[in-house]
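These are my notebook entries on one protein model, set down in the order in which I looked things up. I begin with a single loop residue and widen the view afterwards.

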Amino acid sequence: MAFRRFYRRTFLNCRGHHAGAYALADIITEPGYTDDDQAKRVSASLSIADCGRVVTLDLDAGTPAEARNALHKARLLRDILDQSVDALERAVDDAGLSGSREG
């Protein structure tokens, strides 16, 4: 089964806050850079914006080594984000702001 493009853009702020914050993920497979008709590559990026700042992470892969590295980066980021959410929840609770937690 062919990979179907993954495209997701999500605004990050709650209603009433700055409107410019978003996360955008775009992942597609496309023909590789060689004459081999079977060769494919993965074009993948993750952009995160908050107000006027934008960070875009390149997760492209055209070789098995590049694929391993792209997956390594993505998995590390997922782990760091999960741990950061846990720490932020504890900090909000400690500061007595837990009524503002959105679930």
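Entry 1, a loop residue. I looked up Asn13 and found it in the loop between strand 1 (6-11) and strand 2 (22-31). I kept in mind from the start that the model is a predicted one. Is Asn13 buried, exposed or partly exposed? I noted a relative accessibility of 32%, so Asn13 counts as partly exposed, the band in question lying between 20% and 50%. Leaving out residues up to four places away in sequence, I found that Asn13 touches His18 and Ala21. I also took the C-alpha to C-alpha distance from Asn13 to Leu77, which is 20 Å for a separation of 64 residues in sequence.

Entry 2, the order of elements. I then counted the secondary structure of the protein chain and obtained 1 helix and 4 strands, which run β-β-β-β-α from the N terminus on. The radius of gyration came out at 18 Å, whereas the globule rule gives 13 Å for 103 residues, so the chain is more spread out than a compact globule. Along the principal axes, I noted that the C-alpha atoms fill a box of roughly 60 × 25 × 25 Å.

Entry 3, burial, surface and charge. I recorded that 15% of the 103 residues of the protein chain count as buried. The chain exposes about 8,500 Å², and I noted that carbon and sulfur atoms supply 55% of that area. Turning to contacts between residues at least 6 apart in sequence, I found that 17% of them join residues at least 24 apart. For the charges I listed 14 positive and 16 negative side chains, with the centres of the two sets lying 3 Å apart.

Entry 4, the helix. How many residues does helix 1 have, and how far does it reach from its first C-alpha to its last? I found that helix 1, residues 64-94, has 31 residues and reaches 45 Å, which is close to the 45 Å expected at 1.5 Å a residue. Following helix 1 I came to Gly96, whose phi is positive, near 75 degrees.

Entry 5, another positive phi. I looked up Cys51 in the loop between strand 3 (40-50) and strand 4 (53-58), and I noted that its phi is near 60 degrees, a positive value in a residue other than glycine. I wrote this down because most residues other than glycine have a negative phi. With a relative accessibility of 44%, Cys51 counts as partly exposed.

Entry 6, between strand 2 and strand 3. I placed Pro31 in strand 2 and Lys40 in strand 3. Pro31 is exposed, with a relative accessible area of 64%, and Lys40 is exposed as well, at 56%; the cut-off for that label is a value over 50%. Which residues is Pro31 in contact with, leaving aside its neighbours within four places in sequence? I found Ala39, Lys40 and Arg41. Looking from the other side with the neighbours within four places again left aside, I found Lys40 in contact with Glu30, Pro31, Gly32 and Gly62. I added two C-alpha distances: Pro31 to Ser43, 12 residues apart along the chain, gives 10.0 Å, and Lys40 to Thr63, 23 residues apart along the chain, gives 9.1 Å.

Entry 7, towards the N terminus. Lastly I looked up Phe3, which is found in the segment before strand 1. At 44% relative accessibility, Phe3 counts as partly exposed. Not counting residues up to four places away in sequence, I found that Phe3 touches Ile27, Ile28 and Thr29. To Val54, 51 residues apart from Phe3 along the chain, I noted a C-alpha separation of 28 Å.

Key. Residues numbered from 1 in each chain as written. Predicted model: local features only at pLDDT ≥ 70, side-chain atom pairs only at ≥ 80, totals over all residues. Heavy atoms only, no water. Helix = DSSP H or I, 4+ residues; strand = E, 2+ residues; numbered from the N terminus. Rg over C-alpha atoms; globule rule 2.2 N^0.38 Å. Buried < 20%, exposed > 50% of the residue type's maximum accessible area, 1.4 Å probe, protein only. Contact = heavy atoms within 4.5 Å. Areas by Shrake-Rupley, 256 points an atom, 1.4 Å probe, with all protein chains shown as cover. Lys, Arg positive; Asp, Glu negative; His and termini not counted. Charge placed at Lys NZ, Arg CZ, Asp CG, Glu CD. Expected span 1.5 Å × (residues − 1).
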